[in-house]
Amino acid sequence: MAALPEDRIMATLHAAASGAPGEPEKIHVQCCVAGGGPAGMMLGFLLARAGVSVAVLEKHGDFLRDFRGDTIHPSTLELMHELGFLDEFLKLPHEEVTELGGRLGNTQVMIADFRHVPTHCRFIAFMPQWDFLNFLAEKARSLPGFQLRMKAEVKDLIEQNGRVIGVFAETPNGPLEVHADLVVGCDGRHSTVRARAGFQVEDLGAPMDILWMRLSRSAEDPPQTLGYFNRGHIMVMLNRGDSWQCGFVIPKGHADEMRKQPIESFRNQIVEMAPFTRDRVSELKDWDAVKLLSVSVDRLRTWHRSGLLCIGDAAHTMSPIGGVGINLAIQDAVATANLLAVPLRSGTLTEQDLEKVQQRREFPTRFTQRLQVLIQNRIIGKVLASSEQLAPPWPLRLFNAFPVLRRIPARMIGVGVRPEHVKVAAATAVSPRA
Ligand SMILES: Cc1cc2nc3c(=O)[nH]c(=O)nc-3n(C[C@H](O)[C@H](O)[C@H](O)COP(=O)(O)OP(=O)(O)OC[C@H]3O[C@@H](n4cnc5c(N)ncnc54)[C@H](O)[C@@H]3O)c2cc1C
């Protein structure tokens, strides 16, 4: 186990110094993480566990937001196992899904079978993301050197001689300056950090947006999370216990046009896809109950600058296809902690260290995005453009004919390319924070 430079942690932690009234509050840490999503919370936790002083700044007051994905993949569950949390984690309410499929026209197609993935948990856990993030936050809060600042929105970078040395943030109590050896942008697809850093973004395009809404769920409904594809429409329904979180996929840019129609015509489209919702679509009283989520797929050419790194969606925005974005963000966080904890702790971090993170994570990112773009263009785009009753194309029919083939997408979705493992040791000799 790594010995902890406890004096350094305590010094940085308690160096939090508020100036005179009206002056910004200033804190000094070794790493400042902008954004408390899956990437940011996992990175904050792992670095603090390794003895690095970390401040995670999250702009919202809680993690309770509907548009978050709910998929915890076998590879993330494996990380929970490596950290010794798996049993405790699986006590949180969740749904274990061993197979994924969908309905194309009138045909049910099974596409992925997770019962053979090489991990302890051979299923995807569907769990509200706020439960997952609260769990990580709880674990992290028990570590000295960790602080999570909610309602702290990063507005800009602090730079000195071309090097990023911290961030300016806004909080309900006034401005906050966080000075750090490293700033990590984990602030998602609309990242302020990447915009302020002036990073170049390569846009891969997405032909769709998603209308996101909630319908109540009854005991007689199908138990599984469901995907429906038919005649110009795609709908995904995620089982959230007493409700369905529904994602209705529409061609990019069509939301305004749809909203000009009466809500009844949208309700009818939902019932056509999932007839069992007939008795409750009226819960969508008007268009205010339906939120638009814009889908994009892009990536940074370079993920780092001196003193700054972006990971997760901030470095590479993922499409919802395959529900792999959270997983990839978490894998980035693990790789970052594995590669940077020691140089951060010893104060020897260089830009070459940051480059190693991009080198490690760029191939899985490119590979996964390529698959997503392929599916977007070959399947999603075609379904959205069709006015005919759909039948599964022959590659999908193969999955029904040869169930063994379902192991391949399961591996790609559940574990992905180049899975990461927790390699950085937990620091010892830390006196818990009062
Ligand atoms: C409609 C839709 C559905 C999706 N469904 C799934 C799914 O089911 N499964 C899946 O794996 N992936 C899904 N994805 C992709 C997934 O949401 C992302 O890939 C994943 O959330 C990336 O995690 P992250 O931590 O990098 O960023 P995010 O999850 O976006 O987290 C960023 C965090 O930073 C905070 N933040 C933003 N700006 C600031 C700021 N300036 N200062 C401080 N904090 C800030 C945000 O509040 C947020 O908490 C979906 C994407 C879309 C568009």
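**View 1. Who lines up around the ligand in this predicted model.** The shell around the ligand is a mix: 13 of its residues are nonpolar, 11 are polar and nine are charged. There are 33 residues around the ligand, and the ones that come nearest are Glu 58, Arg 68, Thr 71, Asp 313 and Ile 326.

**View 2. Polar atoms facing the ligand's oxygens.** Start with His 60: one of its polar side-chain atoms sits 3.0 Å from a ligand oxygen. Arg 189 also brings in a polar side-chain atom, this time 3.4 Å from an oxygen atom of the ligand. With Gly 325, look at the backbone instead, where a polar atom is 3.1 Å from an oxygen of the ligand. How much of the ligand's own accessible area does the protein cover? Out of 1,000 Å², 93% is covered.

**View 3. Helices and a strand in the shell.** Three elements each give two or more residues to the shell around the ligand: helix H2 (38–49), strand E10 (153–160) and helix H9 (325–346). Which of them gives the most? That's H9, with three residues.

**View 4. How far to trust the picture.** Across the protein, the mean pLDDT is 90, and 93% of the residues get to 70 or more. Residues 1–18 are another story, with pLDDT staying under 50; the model still gives this stretch 44 contacts beyond four places in sequence. Residues 429–434 also have pLDDT below 50, and the model shows 14 contacts for them beyond near neighbours in sequence. Where pLDDT is low, don't read the predicted coordinates in detail.

Technical notes. Residues numbered from 1 in each chain as written. Predicted model: local features only at pLDDT ≥ 70, side-chain atom pairs only at ≥ 80, totals over all residues. Heavy atoms only, no water. Near = heavy atom within 4 Å. Polar contact = N/O pair within 3.5 Å; in protein donor to acceptor, adjacent residues only side chain to side chain. Areas by Shrake-Rupley, 256 points an atom, 1.4 Å probe, with all protein chains shown as cover. Helix = DSSP H or I, 4+ residues; strand = E, 2+ residues; numbered from the N terminus. Nonpolar A, V, L, I, M, F, W, Y, C, P; charged D, E, K, R; others polar. pLDDT = per-residue confidence, 0-100. Contact = heavy atoms within 4.5 Å.
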